[in-house]
Amino acid sequence: MIRIAGVSKTFSVKDNKVEALKNVSLDIAKGDIYGIIGMSGAGKSTLVRCLNFLERPTEGTVYVEGQDLSTLDAKQLRQLRKHVAMIFQNFNLLMQRTVLDNVCFPMEIAGVDKKTAREKAREFLKVVELSDKEKAYPAQLSGGQKQRVAIARALAMNPTILLCDEATSALDPTTTKSILALLKDINEKYGITIVIITHSMEVVQEICTHVAIIDAGELAENGTVADVFASPKSRAAKKLVFQGDQKVAIMKSRRCIRIVFTKNSSFEPVIANMVLECRASVNILMADTQDIGGIATGQMILQLPEENQTADKMIAYLREKNLTVEELKDYVE
Ligand SMILES: Nc1ncnc2c1ncn2[C@@H]1O[C@H](COP(=O)(O)OP(=O)(O)OP(=O)(O)O)[C@@H](O)[C@H]1O
């Protein structure tokens with residue numbers, strides 16, 4: 001659906017050059033919900049704006065449904081953008097227009113007659129569960145409702161791709177969950193490919209099938225969410241997976257490991273048995289369970305005994321039990 005091939009983007013501001021993207025390559029397949037995650041200023045928005053040529057790459061090529069965007073003229077690009085919808089953190093609604101008229105707006109611009117536009121708008125307001133608000137103005141709506149209007153407006157153009165730029169960043173956790181659930185429904189119902197820019201690993205874990213981690217303009221890592229979560233390789237990915245863990249400082253003194261449990265892991269009390277077998281104790285620094293793509297996935301960070309031989313024995317024991325075990329050496333600096 002989308003191929004990003006060796007894309008770089010450099011902004012020139014007075015005498016300064018900002019390399020916002022450096023040689024990024026990524027394939028997004030039809031029906032994926034692809035998360036693009038990274039710290040502030042990493043280049044996420046620039047990357048997504050390159051997907052509909054709101055920003056032209058300095059180098060590299062972007063293909064959407066096989067079309068090289070650099071070969072399209074202005075009219076063809078406008079045509080393409082009708083199928084590549086975008087929603088934003090600040091909703092971008094027209095404040096002087098009712099909810100219904102907001103949803104009708106892009107259809108009117110595209111020359112759809114008023115009656116057809118209204119019918120379609122009502123259909124999509126139903127999908128986002130806002131039929132009762134069609135006469136309201138944006139100022140009378142909550143943040144979550146405003147984002148639902150923006151989603152209905154995007155859907156009315158029959159997009160094949162929906163780009164979401166921090167679409168839930170301004171919303172509280174409960175509203176965020178409901179908007180993410182709506183996006184997932186839309187992905188399943190209409191087969192729309194969704195690209196989500198976010199700072200939050202929780203958003204990625206909640207709905208994304210795939211994730212790309214952008215670090216200082218470079219693609220640090222990408223893959224399925226389950227794979228990146230189970231064995232993050234890059235430093236940027238590790239930082240995101242362990243986000244919120246306050247115990248990192250304690251990890252400096254000794255060898256630490258991270259164990260990942262999935263539905264395939266055995267139900268035997270593996271840590272207790274390991275302690276009995278190796279006759280040494282461990283500290284549990286962190287343990288939690290998360291829902292990743294509908295599968296309960298647990299992670300645990302253990303601080304191993306100081307003696308290397310015993311620590312090695314413990315790691316071997318866990319691997320024998322087919323658990324994913326990773327030493328956190330490079331994270332513990
Ligand atoms: N139009 C522009 N002109 C100059 N520099 C820009 C422009 N747009 C982005 N940049 C710079 O490019 C870098 C990447 O910015 P970008 O907005 O893509 O990051 P981001 O990961 O989306 O950040 P955030 O999460 O804070 O929105 C930053 O250093 C930013 O200052």
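Reader: Which element gives the largest share of the shell around the ligand?
Author: This is a predicted model: local features need pLDDT of at least 70, side-chain atom pairs pLDDT 80 or more, and totals for chains, interfaces and linings use all residues. Numbering runs from 1 along each chain as its sequence is written. Elements giving two or more residues to the shell (C-beta within 6 Å of the ligand) are β1 (2-13), β2 (16-28) and α1 (44-50), helices being DSSP H or I runs of at least four residues and strands E runs of at least two. With three residues, the largest share belongs to α1.

Reader: Okay, and how many residues surround the ligand?
Author: Phe11, Ala20, Ser40, Ser45 and Thr46 are the closest. Count everything around the ligand and you get 13 residues.

Reader: How far apart are the end C-alpha atoms of α6?
Author: Helix α6 covers residues 173-190, which makes 18 residues. At 1.5 Å a residue (times one less than the residue count), it should span 26 Å, and the model agrees because the ends lie apart by 26 Å.

Reader: Within what arc do the buried residues of α6 fall?
Author: Thr176, Ile179, Leu180, Leu183 and Ile186 are buried (20 or more other C-beta atoms within 10 Å). Thr174, Ala181, Asp185, Glu188 and Lys189, on the other side of α6, are exposed (12 or fewer). Looking down the axis, the buried ones line one face of the helix, because their directions from axis to C-beta fall within 115°.

Reader: Which residue just after α6 takes a positive phi?
Author: Helix α6 ends at residue 190. Just after α6, a phi of about 65° is taken by Gly191.
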